[in-house]
Amino acid sequence: MIKDLLKETIWSLSTNKARSGLTILGIVIGIASVITMVAIGQGVQGSIEKNIESIGSNLIVIMPGAQRVGGISQGGGSNQTLTLEDSDAIKTQVQTIKAVAPEATRRYQVTARGANTNTQVVGTVPDYMTVRNITMNIGSFFSDQQVKSSAKVAILGPTTRDDLFGANADPTGQSIRIKNVDFQVIGVTDAKGGSGFSNPDDTIFVPLGSAQHFLAGNDFLSDISVAAADQNSMTSVQQQISDLLLARHKITDPTQADFNILNQNDIIATATTITNTFTILLSSIAGISLLVGGIGIMNMMLTSVTERTREIGLRKAVGIRKLHINLQFLAEAVMLTFLGGLIGIALGWLASLAVTRFVPTLTTQISVSSIFLAFGVSAAVGIIFGFYPARRAANLNPIEALRYE
Amino acid sequence: MIECKNLYKAYVNGDVETQAVCGISFKIEKGEFVSIIGPSGSGKSTLMHILGALDSPTSGQYLLEGKDVSKFSDNELSDLRREKIGFVFQSFNLLPRTTVLRNVMLPLLYSDLSYSQREKKAKNALEYAGMDKDKFLNLSNQLSGGQMQRVAIARALVNEPAIILADEPTGNLDTKTSRIVMETFKELNSKGHTIVLITHEMEVANFANRVISIRDGLIEKDERKKHI
């Protein structure tokens with residue numbers, strides 16, 4: 001009997017290829033779109049998190065405050081109030097910090113052997129590696145000695161290296177020219193990922209003194225990065241730095257501070273809010289696609305089964321039992337939804353891979369729960385709407401079913 | 001073989017009750033060829049549905065081979081239709097886009113027979129109904145009306161039923177094909193099959209040995225013709 005049922009199901013689906021194909025297509029689209037959508041969403045979340053992590057961990061950034069000229073603010077960071085002495089004071093007086101890296105950063109036009117690019121040049125100290133989680137791919141970072149002697153050496157980010165010397169070239173020993181000053185390349189950092197205006201991969205690192213003397217021509221810092229010892233000490237570190245700098249700059253009213261302190265926890269909190277909103281957005285899109293897909297499946301199933309009411313009537317008239325008719329339609333619905341489901345999962349997976357391949361900044365993540373959800377809903381809709389009308393038709397008087405138009 | 005005792009059937013549609021069959025009694029013996037004739041609305045189709053175990057009477061008794069069918073459950077009715085009754089419909093009712101052979105094998109589905117046994121039975125029935133061998137694997141929608149009705153007759157015969165019920169079997173056919181189909185029924189009857197034919201055409205009804213005329217849910221006339 002089971003053999004008969006299977007044969008009848010396969011035969012019935014294969015004699016109506018167009019109908020079966022369309023039903024499967026509906027299920028495939030429903031499932032594939034949900035899986036791809038969720039995979040892209042999770043990929044975006046992952047890439048946002050990765051970008052934030054690439055800034056550094058437990059990071060606190062102190063930036064100069066807004067300069068006021070006659071009560072008119074010139075915008076954050078325009079003031080030149082931070083100095084190397086401030087940085088040294090933080091390093092020696094603030095508790096539970098891991099490393100401090102003063103920075104003098106500016107964008108310059110950089111040339112090398114005819115190639116040129118516009119990139120940010122970061123003048124800093126070796127501790128920067130610790131603070132910003134930088135690792136070396138080729139060569140080594142400059143030493144404290146080279147910072148003290150204002151050596152004309154430079155470390156390239158991988159993107160800058162690609163721009164100036166070609167992809168994956170080894171530029172050590174070559175020289176680059178920044179603002180008419182020659183620097184010798186001594187290393188290339190590992191790629192960190194991330195993108196945007198302050199992409200850590202599109203950067204040149206030079207000793208702090210060199211940046212101040214040869215490039216900027218002054219002793220001020222653009223910011224100071226501090227790595228706290230751990231996550232829990234960040235608030236206390238921020239408070240200590242604030243107190244210390246207020247005292248050093250002789251400011252009594254904290255609201256008049258000539259510097260701003262940015263805490264990575266704040267950035268993470270903001271990012272979390274963004275990603276949470278994003279999750280809600282994606283869930284609603286996935287939910288809507290699932291709903292639309294479900295209605296599509298429902299339509300296909302309802303029309304194809306209603307269309308077969310006469311066939312059901314005939315089957316009843318020639319003496320096939322109601323149970324067997326019900327079982328056959330149930331088997332057909334199950335087979336259609338499972339075929340469609342499998343193809344849909346495969347297609348969703350391929351689409352996610354394709355997105356990863358063609359959009360390099362986005363690594364999609366296929367979530368198992370989205371597969372189960374999409375498959376479960378489609379299968380449930382397909383089986384209910386494939387089986388229920390058939391059951392109704394099988395309960396009809398065969399004469400009524402045969403007359404059905 | 002078939003015995004109807006005071007059959008009544010009423011349809012209720014909203015508040016309106018329509019009496020389709022109002023007290024019909026008759027007997028059909030094994031090997032008879034009976035036509036039931038009547039104009040549309042006479043109740044002949046309702047009677048045929050009751051005889052075919054597709055519908056049950058409101059009151060009265062329907063005995064098939066001595067068993068009271070009016071008290072059967074749905075499954076019992078299904079089994080009865082499969083084993084004892086062969087249907088031939090006006091609109092053929094073949095499965096579309098399906099081979100001739102497969103159409104004839106439909107009533108054998110879910111039986112204990114093996115596939116080869118079913119195929120053998122179906123082929124025998126098709127040959128018996130006068131279908132050309134080379135058409136067995138044609139699709140049902142590629143056949144002419146006459147051929148379709150032959151397939152339907154073969155399907156009705158495949159389980160070797162006690163009676164063959166034909167509901168306007170020539171209604172969708174031209175005169176020439178109708179004649180051929182009716183000759184087929186006559187031949188089957190001469191081989192011992194019991195046939196009940198429903199029609200509104202006297203010409204068709206006259207192929208039978210006995211004609212029961214129905215009007216307004218009652219038997220008007222019951223004539224037996226003498227065999228030559």
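**Exercise 1. Place Leu336(A) in its surroundings: which helix holds Leu336(A), and is the residue buried or exposed?**

Step 1. Leu336(A) sits in helix 11 of chain A; helices here are DSSP runs of H or I with at least four residues, strands are runs of E with at least two, and both are numbered from the N terminus.

Step 2. Count the C-beta neighbours: Leu336(A) has 27 inside 10 Å, so it counts as buried. The cut-offs are 20 or more other C-beta atoms within 10 Å for buried, 12 or fewer for exposed, and partly exposed in between, with C-beta atoms placed from the backbone.

Step 3. Now list the contacts (C-beta atoms, placed from the backbone, within 7 Å). Leaving aside neighbours within four places in sequence, Leu336(A) touches Leu13(A), Ser20(A), Thr23(A), Ile24(A), Ile27(A), Gly382(A) and Gly386(A).

Step 4. Pick out Ile24(A): its C-alpha atom is 6.0 Å from that of Leu336(A), although the two positions lie 312 residues apart along the chain when counted as separation.

A word on the ground rules: this is a predicted model, in which local features need pLDDT of at least 70 and side-chain atom pairs count only at pLDDT 80 or more, while totals for chains, interfaces and linings use all residues. Residues are numbered from 1 along each chain as its sequence is written, and chains are lettered from A and ligands numbered from 1 in the order in which they are written.

**Exercise 2. Find where Thr96(A) and Glu65(B) lie, and check their phi angles.**

Step 1. Thr96(A) is in the loop between helix 3 (84-93) and strand 4 (97-112) of chain A. Its phi is positive, about 45 degrees, yet Thr96(A) is not a glycine.

Step 2. Glu65(B) is in the loop between strand 4 (59-64) and strand 5 (67-68) of chain B. Glu65(B), also not a glycine, has a positive phi of about 50 degrees.

Step 3. For exposure, Thr96(A) is partly exposed, with 13 C-beta neighbours inside 10 Å; Glu65(B) is partly exposed too, with 13 other C-beta atoms within 10 Å.

**Exercise 3. Describe the contact between the chains: how many residues does each chain give?**

Step 1. Chain A gives 18 residues and chain B gives 18 residues.

Step 2. On the side of chain A, helix 1 (2-15), helix 10 (309-317), helix 11 (322-358) and helix 13 (398-403) each supply at least two residues. Helix 10 of chain A has the largest share, four residues.

Terms used
Two residues are in contact if their C-beta atoms, placed from the backbone, lie within 7 Å.
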